[in-house]
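Reader: I should be grateful for a close look at one part of this model, the surroundings of the ligand. Please then follow the account outwards into the loops and helices that deserve attention.

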Amino acid sequence: MEGKASRRDWLRIASLGGMAVAQVSAAPQQPARGAASVSGMKFEPRDIVRLGVIGVGGRGNSLVDNFSAIPQVRVTALCDVVPDKVARTQARLERKGKQPPALYSNGDHAFEDLVKRDDIDLVLVATPWTWHVPMALAAMKAGKHVAVEVPAARTIDECWQLVNNSEATRRHCVQLENCCYGYNELMVLNMVRAGLFGELSHGACAYNHDLRSVLFSNQGEGLWRRFEHFNRNGNLYPTHGLGPVAHYMDINRGDRFEYLVSMSSLVASLPAYRREHIPPDDPRQKEVYKCGDLNVSLIRTVKGRVIQLEHNVSSPQPYDRINLIAGTKGIFRDYPPRIYVDGSKKEEFESIDGYKAQFEHPYWKQTGELARELGGHGGMDFVMAYRLIQCIREGTAPDIDVYDAAAWSAPGPLSEVSVAKGSAPVPFPDFTRGRWKA
Ligand SMILES: NC(=O)c1ccc[n+]([C@@H]2O[C@H](COP(=O)([O-])OP(=O)(O)OC[C@H]3O[C@@H](n4cnc5c(N)ncnc54)[C@H](O)[C@@H]3O)[C@@H](O)[C@H]2O)c1
């Protein structure tokens, strides 16, 4: 935990449009509320960080395990609408020798009592997407910093609500984008900062993950996530791929997403899976899905960079976030990780193994052993937890603030608008209100 490092320092570690855009109604530029920006706002330093956790399903429990593995973290309260779930998580913490957290499970709004407690510094939100914003707002209004699972918001109005309330309450709203802390992502960030790829021109990223069995499960995400496919057609889950590329490109800190065009394929894979795996008389056979199997968006930044962003959770396929970044001197792409730098003897990708000694990120050097042992998504979940707690303990600004939460979530609703308008260009709101130029 030692060694003070602000976000800017972190980004330096180890190295140091002209087209007219169709104006559509989905992206209103909300007027400033008069509150100052929270960009760069520091946490109040504290040695012990006390957490309240809302939602202890699959993800919430993983967050509890990873955050509570940090000696200076205390989980003081848990909330879930299912009483057994909070009881089980409480028992697990007790078995690990931790103080039993207080439990809240009295209905959908029990979280409103949790956020009022005076022994919580940070609220974690790991509930279905429709609950993220009401819970984040309640936490901030009760004076707590909040860290929200992905995507932080589902509509542009919700994105603005997070921004406006973070500014008004002077509380951070962090997005828990663990993929920014992956081994390869942090190493590539170091390479970008060292200029290995020259001037960046484009990136590509995705959330391509076969979730068919999860979506039709009778527990966990099967109880809510499939519903998102009823009325929405676009990229439902943009941040896992986009977050790391946004970091490579310094989005909101020198560049900005300017506009997006998006196209969705037909809907085929969920009905096909259902025909084969769900009984004919099951009520789910009557459901109608609107979200195309594949959604592809292209984002253009103000500096003229292009990002290809994919979403596909319905087709049989190996997991793939693409994680591509390219510029005037080279290219990296993942799954599997490979690199090509200008001037290489052969015009072929090579392994990244030879680059690890120079570019492995200090967080992985410091925490990699424990991160791999805990295992959340290959260790990145612990590195994310470690880094957020480090920022709070040392009183620095978070790596991912409310403007990032809004900008990385925005391709969800913006892609829906673009798809509905025959792939028309849709502008991104400037959630930073001009401060991205800083
Ligand atoms: N970052 C990642 O790698 C990652 C991985 C999985 C899920 N997620 C995200 O985490 C969130 C939760 O997903 P999950 O897989 O844990 O889903 P889940 O269904 O397993 O868990 C959600 C939990 O929220 C509880 N809940 C629902 N409404 C509530 C309310 N009003 N008050 C309190 N609790 C409530 C449910 O009972 C359930 O226990 C989602 O936003 C998802 O996108 C992120």
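Author: A residue counts as buried under 20% relative accessible area, as exposed over 50%, and as partly exposed in between. The model is predicted, and every statement below refers to that prediction.

By this scale Ser-105 is partly exposed, because its relative accessible area of 23% falls between the two limits of 20% and 50%. Ser-105 is situated in the loop that connects β3 (102-104) with α4. Its C-alpha is 5.2 Å from that of Asp-80, although 25 residues separate the two in sequence. Asp-80 leads directly to the site in question, for it is one of the residues closest to the ligand, together with Arg-59, Lys-85, Trp-129 and Glu-221.

The shell around the ligand consists of 28 residues. By character they comprise 13 nonpolar, nine polar and six charged residues. The space that the ligand takes up is the largest pocket.

Three polar approaches to the ligand can be described. A polar side-chain atom of His-132 is 2.8 Å from an oxygen atom of the ligand. A polar backbone atom of Gly-58 lies 3.0 Å from a ligand oxygen. At Val-81, a backbone N or O atom is 3.4 Å from a nitrogen atom of the ligand. The ligand on its own has 840 Å² of accessible area, of which the protein covers 91%.

Two helices deserve mention as contributors to the shell: α2 (58-68) and α5 (129-141) each provide at least two of its residues. Helix α5 gives the most, with four residues. The buried residues of α5 include Trp-129 and His-132; Trp-129 is among the residues closest to the ligand, and His-132 supplies the side-chain approach at 2.8 Å. Val-133, Met-135, Ala-136, Leu-137, Ala-138, Ala-139 and Met-140 of α5 are buried as well. Just after this helix, Gly-143 adopts a positive phi of about 85°.

Beyond α5, the chain contains a cis peptide bond between Val-150 and Pro-151, with omega about -15°. Pro-151 belongs to the loop between β5 (145-148) and α6 (156-169). A cis peptide bond also joins Tyr-335 to Pro-336, where omega is about -5°. Pro-336 is placed in the loop from β12 (330-333) to β13 (338-341).

On the other side of α4 (111-114), the loop leading to β4 (122-125) contains Asp-119. Asp-119 counts as buried because its relative accessible area is 18%, under the 20% limit. The side chain of Asp-119 forms a polar contact of 2.9 Å with the side chain of Arg-117.

Helix α10 (residues 239-248) is mostly covered, since ten of its ten residues are buried. Among them are His-240, Leu-242, Val-245, His-247 and Tyr-248. The loop between α10 and β8 (257-264) holds Asp-250, and Asn-252 is found in the loop between α10 and β8 too. Asp-250, just after α10, takes a positive phi of about 55°, a positive value in a residue other than glycine. Asn-252 likewise is not a glycine, yet its phi is positive at about 75°. Their exposure places them in separate classes: Asp-250 is partly exposed because its relative accessibility is 24%, whereas Asn-252 is buried because its value is 9%.

A last position is Ile-392, which lies in helix α14 (residues 380-394). Ile-392 is buried, with a relative accessible area of 3%. Between Ile-392 and Lys-42 there is a separation of 350 residues in sequence, but their C-alpha atoms are 8.2 Å apart in space.

To return to the part requested, the ligand takes up the largest pocket, the protein covers 91% of its 840 Å² of accessible area, and α5 gives the most residues to the surrounding shell.

Technical notes. Residues are numbered from 1 along each chain as its sequence is written. This is a predicted model: local features need pLDDT of at least 70, side-chain atom pairs count only at pLDDT 80 or more; totals for chains, interfaces and linings use all residues. Side-chain values use heavy atoms; hydrogens and water are left out. A residue is near a molecule or strand if one of its heavy atoms lies within 4 Å of it. A polar contact is a pair of N or O atoms within 3.5 Å; within protein, one must be able to donate a hydrogen and the other to accept it, and residues adjacent in sequence count only if both atoms are side-chain atoms. Accessible areas come from the Shrake-Rupley method with a 1.4 Å probe; for residues, only the protein chains shown count as cover. On a 1 Å grid over the protein atoms alone, a cavity is a set of points where a 1.4 Å probe fits but cannot get out, and a pocket is an open set with protein on both sides within 12 Å along at least five of seven lines; lining residues have an atom within 4 Å of a point. A molecule sits in a cavity or pocket if more than half of its atoms lie within 2 Å of its grid points. Ala, Val, Leu, Ile, Met, Phe, Trp, Tyr, Cys and Pro count as nonpolar, Asp, Glu, Lys and Arg as charged, and the others, Gly among them, as polar. Buried means under 20% relative accessible area, exposed over 50%, partly exposed in between (1.4 Å probe, protein chains only).
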